[in-house]
Amino acid sequence: MAATLINDFELPFQLYNVLDTESLCKHPKFEEHNRATFDAVIDTADKMATNLFLPHNHIADKNEPQFDGHKVSMIDDVKVAFDAFRESGFIAGRYPFEEGGMQLPETVMTAVSGYFMAANPSTMAYPFLTSAAINVLSHFASDDIKNAFMPRMLTGEFTGTMALTEPHAGSSLTDIKTTAVKQADGSYRVKGSKIYISGGDHELSDNIIHLVLAKIPGGPGGVKGISLFVVPKYRLNDDLSVGERNDVHLTGLIHKLGYRGATSTALSFGDKNDCYGYLIGEEHFGLRYMFKMMNEARIAVGFGAAMIGYRGYQYSLDYAKDRTQGRAAPNNKSEDAATAIIQHGDVKRMLLAQKAYSEGGISLCLYGSNLIDRINTCEDETLKAELSELLDLLTPVLKAWPSEYGPKANDLGIQVLGGAGYTREYFAEQFWRDNRLNPIHEGTNGVQALDLSFRKLWQNKGLGIQTLKREITQDLESISTPESEKLAGKLMPYMGHLHEVLVHLSKILQTEKSITLTGNAQALMNIFASIVVSWIWIRQASKAEQLLNVTQDVEKQNFYKGKIQAAKYFIDWELPLVQRDIELLTNNNSVCTDMQADWF
């Protein structure tokens with residue numbers, strides 16, 4: 001089932017119709033590119049993902065990596081796929097030509113990653129984590145550290161991880177106990193334990209470069225005392241060749257619900273007091289540096305969740321077209337031939353929900369990636385600052401909404417398959433298991449809701465929300481197609497409700513009633529994200545209506561009609577659900593915060 005990973009019309013529609021990605025080629029940074037080069041890169045990704053990543057996705061799920069006490073082993077297909085990915089140059093795709101990269105826009109690179117995330121999120125974890133680590137080094141590391149590690153990370157000869165979590169400290173990084181003591185030669189000796197480190201050990205690369213959060217003794221307390229270090233699995237010799245093993249050791253592999261093809265590790269640093277670490281940037285600025293990586297990684301997590309949701313949607317859609325059961329209403333006579341279940345109203349409902357969740361998430365995250373390109377090519381410093389605030393404001397939504405609704409889409413995918421969906425003979429259950437990680441890692445969705453509610457909406461005097469309102473208003477006012485105009489009319493009252501909620505919250509945030517928001521932050525996320533995603537769907541519907549009026553291609557007409565119908569579904573079925581959240585917030589509902597631990 002599901003002959004193609006992504007509908008042939010989907011990414012061209014998102015990239016060139018909704019986002020006008022081709023216009024980036026007018027900027028000097030991307031002037032050597034055009035739509036043909038973008039399409040060639042995307043086509044390569046499609047073929048590589050289909051031929052090398054997809055075939056072993058379910059095999060790797062059934063045959064997890066193994067640790068014999070000395071080394072990690074995994075099925076050979078993972079290395080074959082990883083080597084092909086790194087040799088293609090995709091790890092360095094967004095980096096400048098002079099660094100061996102393709103100098104491609106972030107929007108295009110996000111689209112490229114979509115094929116691999118749909119095909120095999122576990123194997124894709126290794127290059128994804130490496131790219132995220134490179135991003136931190138490129139922005140904050142000294143030239144010596146960059147020269148030592150980055151060139152071989154860009155080629156995939158070295159891979160990367162981020163080592164944040166400790167057995168006793170997950171979201172609360174202020175409580176980490178890993179230490180780093182400075183030595184006479186300027187290096188540090190790192191000592192501590194980290195857990196749930198994805199890609200923390202394997203044999204896919206010549207070296208693994210861990211980015212490790214640690215505290216330098218005598219530094220400030222709390223998060224202000226956290227520093228960031230490069231800690232390689234193998235030290236480098238003076239000529240930068242790979243040298244002896246660093247004092248970093250795998251203490252065990254963690255067995256997961258999903259993402260089983262990717263190693264999740266418990267690591268020990270400095271058991272022999274000989275773990276070399278190299279400071280990134282300045283002492284005590286580690287959390288700030290790590291958030292650079294995490295914020296952009298959060299967009300990737302959201303996009304990955306949308307793509308796994310989309311893959312499950314496509315899988316259940318194919319099943320629904322093929323599986324016959326019952327008779328189609330209203331002519332449901334027993335003597336009639338059994339109908340494909342896609343003809344049943346409730347199955348259409350479940351498929352529409354999956355389509356709205358997954359394609360809404362795809363479009364949302366591509367918009368976020370395009371914001372990065374707009375910021376990087378913007379020459380108006382005032383506008384650049386506004387767009388940067390907008391990206392910062394939307395980051396919790398870009399991570400949390402797709403990772404909330406991607407698994408919901410996969411859950412519905414299981415339901416469409418019925419009993420077959422509950423079996424491992426079919427793949428629907430793996431999509432859900434793989435996606436269930438995404439609301440947890442890179443900052444749980446609860447943390448994202450708190451970040452939005454207490455920080456992002458208010459920082460820099462609300463510049464982010466002002467910029468968002470301007471972007472939405474400009475889009476809605478430019479609509480000239482009838483169905484999209486109706487959808488815009490339905491959205492506008494909720495914009496007013498959001499404004500009223502924010503005015504109300506601004507008044508209570510400095511009072512004792514603000515404690516209720518700690519329990520109601522998810523309600524505010526629901527309202528805000530639902531409005532943003534409704535806008536994202538209207539952007540798609542408006543373009544689809546315009547294109548529907550000028551194409552004679554029946555397949556494209558069906559594609560555009562599907563976009564319009566999914567937008568209607570989201571705004572008619574999903575958006576009104578936030579009325580409950582509006583009432584909870586305006587009434588300062590305290591049910592959650594009033595609950596006492598002893599009452600559970």
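In this predicted model, helices H1 and H16 lie roughly perpendicular to each other, because their axes cross at roughly 70 degrees and angles from 65 to 115 degrees count as roughly perpendicular. This briefing looks at that crossing, then at a second pair of helices, H9 and H10, which are roughly antiparallel to each other, and finally at aromatic rings that link distant parts of the chain.

**Helices H1 and H16**

- Helix H1 covers residues 10-18 and helix H16 covers residues 554-574, and the axes of the two come within 11 Å.
- On the H1 side the contact is made by Glu10, Phe13 and Gln14, which meet Phe559, Tyr560 and Lys563 on the H16 side.
- Sorted by class, the residues of this contact between H1 and H16 are three nonpolar, one polar and two charged.

**Helices H9 and H10**

- Helix H9, made of residues 345-376, packs with helix H10, made of residues 381-417, and their axes are 8 Å apart.
- The angle between H9 and H10 is about 155 degrees, and angles over 145 degrees count as roughly antiparallel, which is why these two helices are described in that way.
- The crossing of H9 and H10 is left-handed, and the residues of their contact divide into 24 nonpolar, seven polar and three charged.

**Aromatic rings**

- A pair of aromatic rings is described by two values, namely the distance of the centres and the angle of the planes.
- Across the whole structure, a search finds 22 aromatic pairs, and one of them is formed by Phe13 and Tyr560, a tilted pair with 6.1 Å from centre to centre and 45 degrees between the planes.
- Phe13 belongs to helix H1 and Tyr560 to helix H16, so that this pair links parts of the chain that are 547 residues apart, and both Phe13 and Tyr560 are buried.
- Another pair, Tyr367 with Trp535, is edge-to-face, with 5.1 Å from centre to centre and 75 degrees between the planes.
- Here too distant parts of the chain are linked, since Tyr367 is in helix H9 and Trp535 is in helix H15 (residues 515-548), 168 residues apart.
- Tyr367 is buried, and Trp535 is buried as well.
- Phe13 and Tyr560 also belong, together with Phe9 and Phe559, to one aromatic cluster, and Phe13, Phe559 and Tyr560 are among the residues already named in the contact of H1 with H16.

Conventions
Residues numbered from 1 in each chain as written. Predicted model: local features only at pLDDT ≥ 70, side-chain atom pairs only at ≥ 80, totals over all residues. Heavy atoms only, no water. Axes fitted to C-alpha atoms, helices over the stretch in contact; angles between N-to-C directions. Helix = DSSP H or I, 4+ residues; strand = E, 2+ residues; numbered from the N terminus. Parallel < 35°, antiparallel > 145°, perpendicular 65-115°, else oblique. Contact = heavy atoms within 4.5 Å. Nonpolar A, V, L, I, M, F, W, Y, C, P; charged D, E, K, R; others polar. Left-handed = near helix turned anticlockwise from the far one by under 90°. Phe/Tyr/Trp six-rings, centres within 6.5 Å; stacked < 30°, edge-to-face > 60°. Buried < 20%, exposed > 50% of the residue type's maximum accessible area, 1.4 Å probe, protein only.
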